[in-house]
Amino acid sequence: MFMATCAAKDPKVLISYFSPTGTTKSLAQELGSVTGADLFEIEGAQPYTADDVNLGNREARAFKEMADKSLRPEVKGKPDKLKSYDVVFIGFPIWGDAAPNIINTFIEQNDLKGKTVIIFSTSGSSNLTNSYNKLKEQYPDLKMVEGTTLKRNPTPEARQNVINTLKEAIPAK
């Protein structure tokens with residue numbers, strides 16, 4: 001008796017990321033290269049400058065946004081064919097133990113229901129758990145998964161461990 005076997009089709013993956021300094025972008029691109037995922041950069045309609053994200057300056061745009069969680073910076077563009085993705089990564093630098101407000105804008109402007117949403121971050125010192133928990137509380141209807149954080153100045157091994165952890169978070173279809 002002849003039996004055909006069908007390989008399970010891999011889920012379609014989008015890696016979306018906010019990266020005003022380039023750190024999160026570098027991680028997203030590396031993850032994209034090992035997973036074959038598409039990339040979407042979450043950019044502000046008003047671009048973020050180095051002065052805007054200078055966390056040493058209490059007058060910086062980042063501090064103003066951290067102080068007022070109701071602010072929703074406008075996002076430039078939307079991902080093409082978002083409905084076709086099964087998994088959407090959302091990556092960002094941690095600001096004040098939370099996701100930058102532009103991440104809330106991105107989530108609120110895109111229909112992510114029914115998708116697996118994997119959260120990842122970059123940070124000098126914070127880990128992802130508090131940021132993830134805040135997002136999970138704000139968006140309880142989303143199927144959100146806590147990824148991991150790439151810390152400042154990682155060793156090559158630490159960077160590879162982050163990539164492997166994120167890759168393994170992608171559910172089988």
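Helices and strands are taken here as DSSP runs, numbered from the N terminus, with at least four residues for a helix (H or I) and at least two for a strand (E). On that basis, the chain of this predicted model reads β-α-β-β-α-β-β-α-β-α-β-α along its sequence, with five helices and seven strands in total. The radius of gyration is 17 Å, close to the 16 Å that the globule rule gives for 173 residues, so the chain is as compact as a globular protein of that length. Taken along the principal axes, the box filled by the C-alpha atoms is roughly 75 × 35 × 25 Å.

Burial and contacts can be taken together. Of the 173 residues, 45% are buried. Contacts reach well along the sequence: among those between residues at least 6 apart, 76% join residues at least 24 apart. On the outside, the chain exposes about 9500 Å², and carbon and sulfur atoms supply 48% of this area.

A single residue gives a useful view of the interior. Pro79 sits in the loop that runs between β4 (75–76) and β5 (87–93). Its relative accessible area is 10%, which lies under the 20% cut-off, and Pro79 therefore counts as buried. Leaving aside residues up to four places away in sequence, Pro79 touches Leu14, Phe40, Phe106 and Asn110. Ser131, by comparison, is 52 residues from Pro79 in sequence, and their C-alpha atoms lie 23 Å apart in space.

Attention now turns to the pockets. Rolling a probe the size of a water molecule over the atoms shows where empty space is left. The largest pocket holds about 420 Å³ of space. Its lining comprises 23 residues, of which Pro93, Thr122, Ser123, Gly124 and Arg152 are the closest to the pocket centre. Three elements, α1 (23–35), β6 (116–123) and β7 (143–151), each contribute at least two residues to this lining. By class, the lining of the largest pocket contains 11 polar, eight nonpolar and four charged residues.

The second largest pocket offers about 210 Å³. Its lining draws on separate stretches of the sequence, listed here in order: Asp10, Pro11, Lys12 and Val13; then Thr35, Gly36, Ala37 and Asp38; and finally Lys167, Ile170, Pro171 and Ala172. Here the classes divide into six nonpolar, four charged and two polar residues.

Technical notes:
Residues numbered from 1 in each chain as written. Predicted model: local features only at pLDDT ≥ 70, side-chain atom pairs only at ≥ 80, totals over all residues. Heavy atoms only, no water. 1 Å grid on protein atoms, 1.4 Å probe; cavity = no way out; pocket = protein on both sides within 12 Å on 5 of 7 lines; lining within 4 Å. Points joined across faces, edges and corners; volume = space filled by probe spheres on them. Nonpolar A, V, L, I, M, F, W, Y, C, P; charged D, E, K, R; others polar. Rg over C-alpha atoms; globule rule 2.2 N^0.38 Å. Buried < 20%, exposed > 50% of the residue type's maximum accessible area, 1.4 Å probe, protein only. Contact = heavy atoms within 4.5 Å. Areas by Shrake-Rupley, 256 points an atom, 1.4 Å probe, with all protein chains shown as cover.
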